[in-house]
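Visitor: I would like a walk through this model, with the reasoning behind each answer. Could you show it to me?

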Amino acid sequence: MKKHTLAFGLMAALGFSTTALAAGAAQSIHVYKSPTCGCCGDWIDHLEENGFEVEATNTNDMGRIKADAGLIAGLGSCHTAFIGDYVIEGHVPADDIKRLISEAPRAKGLSVPGMPIGSPGMEMGDRKDHYKVILFNESGQTRIFSEHN
């Protein structure tokens with residue numbers, strides 16, 4: 001017990017936070033997806049390649065998952081994930097999820113509406129459509145979090 005107290009005291013004295021320490025560790029994310037969706041599996045591969053520990057649950061009731069997650073109209077995509085207190089909807093790049101966790105804004109989560117070609121899991125050769133990652137809150141307000149391609 002004294003070792004733990006000493007370690008936490010040392011971290012505090014050096015200016016480390018548990019968030020900073022956790023940033024180096026793999027983040028755990030839980031993905032809900034249709035059992036027949038191939039692009040969802042490709043997005044999961046993208047997350048794992050970028051250091052996330054992924055738990056995937058197949059479900060035929062994605063509508064209920066999205067409603068329970070508090071998604072508003074226009075933000076939907078094919079899969080819904082949860083990391084900490086955040087909702088991640090659709091083909092959000094791993095770096096944007098890492099940035100969300102790092103910055104920890106007061107928000108419900110991130111969404112890439114639809115299934116834009118060239119987003120993680122939606123690669124099709126050299127084609128890369130422009131798309132936006134949307135930050136949304138409990139009140140239904142949205143803003144652009146990032147843009148790609």
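**A guided tour of the fold**

Guide: Happily! Among contacts in the protein between residues at least 6 apart in sequence, 51% join residues at least 24 apart. Please keep in mind that this is a predicted model.

Visitor: In what order do the helices and strands of the protein run from the N terminus on?

Guide: The secondary structure comes to five helices and seven strands. From the N terminus on, these elements follow the order α-α-β-α-β-α-β-β-α-β-β-β.

Visitor: What percentage of the residues of the protein count as buried?

Guide: A residue is called buried when its relative accessible area is under 20%. The accessible surface of the whole protein comes to about 8,400 Å², with 53% of it belonging to carbon and sulfur atoms. Of the 149 residues, the share that counts as buried is 40%.

Visitor: Let's turn to helix α3. Is H46 buried or exposed?

Guide: H46 is found in helix α3, which covers residues 38-49. Leaving out residues up to four places away in sequence, H46 touches P93, A94 and P120. Its relative accessibility is 18%, and the cut-off is under 20%, so H46 counts as buried.

Visitor: Which residues gather in a patch of negative charge on the surface?

Guide: One member of the patch, E123, lies in the loop between β5 (109-112) and β6 (131-136). Residues must have over 30% relative accessible area and no salt bridge to join a patch. The residues that gather in this patch of negative charge are D42, D45, E48, E49 and E123.

Visitor: Now for the salt bridges. How many does the count come to?

Guide: The rule asks for a side-chain nitrogen of Lys or Arg within 4 Å of a carboxyl oxygen of Asp or Glu. One pair that meets it is D61 and R64, with the closest N and O atoms 3.4 Å apart. By this rule the count comes to six.

Visitor: Which residue forms a salt bridge with K66, and where do the two lie?

Guide: The closest N and O atoms of the K66 salt bridge with E89 are 2.5 Å apart. This pair links distant parts of the chain, 23 residues apart, with K66 in helix α4 (residues 62-69) and E89 in strand β4 (residues 86-90). K66 is buried, and so is E89. The partner you asked about is therefore E89, in strand β4.

Visitor: Are D61 and R64 buried or partly exposed?

Guide: D61 has a relative accessible area of 37%, and for R64 the value is 42%. Buried would require under 20% and exposed over 50%, so D61 and R64 both count as partly exposed.

Visitor: How far apart are the closest N and O atoms in the salt bridge between D129 and R127?

Guide: D129 is partly exposed at 25% relative accessibility, and R127 is partly exposed at 49%. In their salt bridge, the closest N and O atoms are apart by 2.9 Å.

Visitor: Which residues do salt bridges that share partners join into one network?

Guide: Here the linking comes from shared partners. The residues joined into one network are D61, R64 and D68.

Visitor: Staying with D129, which residues is it in contact with, leaving aside neighbours within four places in sequence?

Guide: D129 lies in the loop between β5 and β6. The C-alpha atoms of D129 and H148, 19 residues apart along the chain, are separated by 8.3 Å. Contact is judged by heavy atoms within 4.5 Å. By that criterion, the contacts of D129 are I117, H148 and N149.

Visitor: What is the phi of N149 near?

Guide: Most residues other than glycine have a negative phi. N149 lies in the segment after β7 (142-148) and is partly exposed, with a relative accessible area of 47%. Its phi is positive, in a residue other than glycine, and is near 65 degrees.

Visitor: And what is the phi of A104 near?

Guide: A104 sits in the loop between α5 (94-103) and β5. It is partly exposed, with a relative accessible area of 46%. A104 also has a positive phi, near 45 degrees.

Visitor: One last stop: which residues is I101 in contact with, leaving aside its neighbours within four places in sequence?

Guide: I101 has its place in helix α5. Its C-alpha atom is separated by 8.6 Å from that of I83, 18 residues apart along the chain. The contacts of I101 are Q27, I83 and Y86.

Methods. Residues are numbered from 1 along each chain as its sequence is written. This is a predicted model: local features need pLDDT of at least 70, side-chain atom pairs count only at pLDDT 80 or more; totals for chains, interfaces and linings use all residues. Side-chain values use heavy atoms; hydrogens and water are left out. Patches are made of residues with over 30% relative accessible area and no salt bridge: like charges are joined within 9 Å, nonpolar side chains (Val, Leu, Ile, Met, Phe, Trp, Tyr) within 5 Å. Accessible areas come from the Shrake-Rupley method with a 1.4 Å probe; for residues, only the protein chains shown count as cover. Lys and Arg count as positive and Asp and Glu as negative; His and the chain ends are not counted. The place of a charge is taken as NZ of Lys, CZ of Arg, CG of Asp or CD of Glu. Helices (H or I, at least four residues) and strands (E, at least two) are DSSP runs, numbered from the N terminus. Buried means under 20% relative accessible area, exposed over 50%, partly exposed in between (1.4 Å probe, protein chains only).
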